[in-house]
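Visitor: I would like a close look at one part of this model, the place where two of its helices pack against each other. Please take me through that contact with some care, and then set it beside other parts of the chain.

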Amino acid sequence: MKKLFPSYVRVPLIFALVFMALEYFIDSGDKPAFIEYPMVSVFLLVFLFLLVAIEIVVSAVDRVTYSMLTDEQRKQLDEAQQISFMESKFMKNLLHKLSRSKSIEQEADIMLDHDYDGIKELDNVLPPWWVNLFYATIIFGAIYLFRFHVMNEYTQDQEYQKEVELANLEIEKHKMNSPKEEITLEQVTLLTDDASLAKGKEIFNNTCAACHKADGGGVVGPNLTDEYWINGGGIKNVFKLIAEGSKNNPSMVGWAKIIGTNEVQNVASYVLSLQGTKPAGGKAPEGEKWVEPVAETPAATDTTATTK
Ligand code: HEC
């Protein structure tokens, strides 16, 4: 019989299987096991070395035995090696055990004497692979019936809920580990939820209040609570200015690199929430009055056109 795989396939294949099994069974967190635990690397190296050594020894023994054979035996061996795996004795036996089929010569034994215009019928046994599979489904069915309809272990609904719970936990974990996505000028929106505004307020008090005053009335920087803006109002302009800084006045630096764009969105939203608060002692308005451009409403659609 021919060898199933040549050694240059066999060695990498076995090694890859062992490697994957180790990675699968050893819990090593984010890093692969062979980096996390040096012992695993050592084991893999020794294993690879042994594999190669065994291959070399086996092929050497093969060659020595071959040279000791008589011509007659060599011929037999060469012939045997020509036969493919599917035609080997082992495979033939296995197939026979699984199917118990009769060879053509034996068909006379199981011939039924039904003859329909020359079409004859054989009384083959049911193939064992099929019969055993059938028994297995019966056993499976009985256990299933007992567990889920007699003992009522859990319902499909409960199973589903449990999986959803687990998936949600995974999502939470993923969110905690992965850095937040950057906010771009196109994406930025005015945040109005309490949590974001509270975060914005905290940032404002810590980083901006020195120049704009905690209430936004303005000291070095302009009043942020009125409708007048030097660099334009609205969330997009305010976000852009806080993120990139002012071109007119270098003391208002760009904050995106320092605190991050998510935080800029929070603080910009907080700044806009101060609109109209009229803090005592606020600076006089600077710049132009900002009028929020009216969002274009889609033209009224012709309803008659869609009725038919
Ligand atoms: C070192 C002082 C200083 C700090 C700190 C500072 N600013 Fe300013 N800010 C200014 C000055 C000065 C201007 C005026 C810029 C101009 O004339 O264009 C300004 C302008 C602004 C404007 C635009 C106002 C307008 O009318 O266009 C906004 C919004 C703003 N700052 C928000 C912030 C926020 C939010 C922070 C904290 C992250 C902050 N600033 C930190 C000095 C500062």
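Guide: Two residues are taken to be in contact here if their C-beta atoms, placed from the backbone, lie within 7 Å. The model is a predicted one, and the contact to look at is that of helix 9, residues 234-244, with helix 11, residues 261-273. On the side of helix 9 the residues that meet the partner are Ile 235, Val 238, Phe 239, Ile 242 and Ala 243, while helix 11 brings Thr 261, Val 264, Gln 265, Val 267, Ala 268, Ser 269, Val 271 and Leu 272. Sorted by class, the contact of helix 9 with helix 11 holds ten nonpolar and three polar residues, and no charged ones. As for geometry, the axes of helix 9 and helix 11 lie 9 Å apart and the two pack at an angle of about 125°, which means that helix 9 is oblique to helix 11. The crossing of these two helices, helix 9 and helix 11, is right-handed.

A second packed pair can be set beside this one, namely helix 1, residues 7-25, and helix 3, residues 38-68, whose axes come within 11 Å and cross at roughly 155°. Because angles over 145 degrees count as roughly antiparallel, helix 1 and helix 3 are therefore described as roughly antiparallel to each other. The crossing of helix 1 and helix 3 is right-handed. Helix 1 makes the contact through Ser 7, Val 11, Ile 14, Phe 15, Val 18, Phe 19 and Leu 22, and helix 3 through Val 40, Leu 44, Phe 47, Leu 48, Leu 51, Val 52 and Glu 55. By class, the residues in the contact of helix 1 with helix 3 comprise twelve nonpolar, one polar and one charged.

Other parts of the chain are hardly covered, and helix 5, residues 89-99, is one of them, for the count of buried residues among its eleven residues is zero. Just after helix 5, Arg 100 takes a positive phi of about 50°. Strand 1, residues 111-116, is likewise hardly covered, with a count of zero buried residues among its six. Strand 1 is joined by four bridges to strand 2, residues 119-122, and the two strands run antiparallel; within this pairing, Leu 112 has Glu 121 of strand 2 as its bridge partner. The hairpin that strand 1 and strand 2 form has two residues between the strands, and in it Asp 117 takes a positive phi near 45°.

Terms used: Residues numbered from 1 in each chain as written. Predicted model: local features only at pLDDT ≥ 70, side-chain atom pairs only at ≥ 80, totals over all residues. Axes fitted to C-alpha atoms, helices over the stretch in contact; angles between N-to-C directions. Parallel < 35°, antiparallel > 145°, perpendicular 65-115°, else oblique. Left-handed = near helix turned anticlockwise from the far one by under 90°. Nonpolar A, V, L, I, M, F, W, Y, C, P; charged D, E, K, R; others polar. Buried ≥ 20, exposed ≤ 12 C-beta atoms within 10 Å, placed from the backbone. Pairing = 2+ DSSP bridges.
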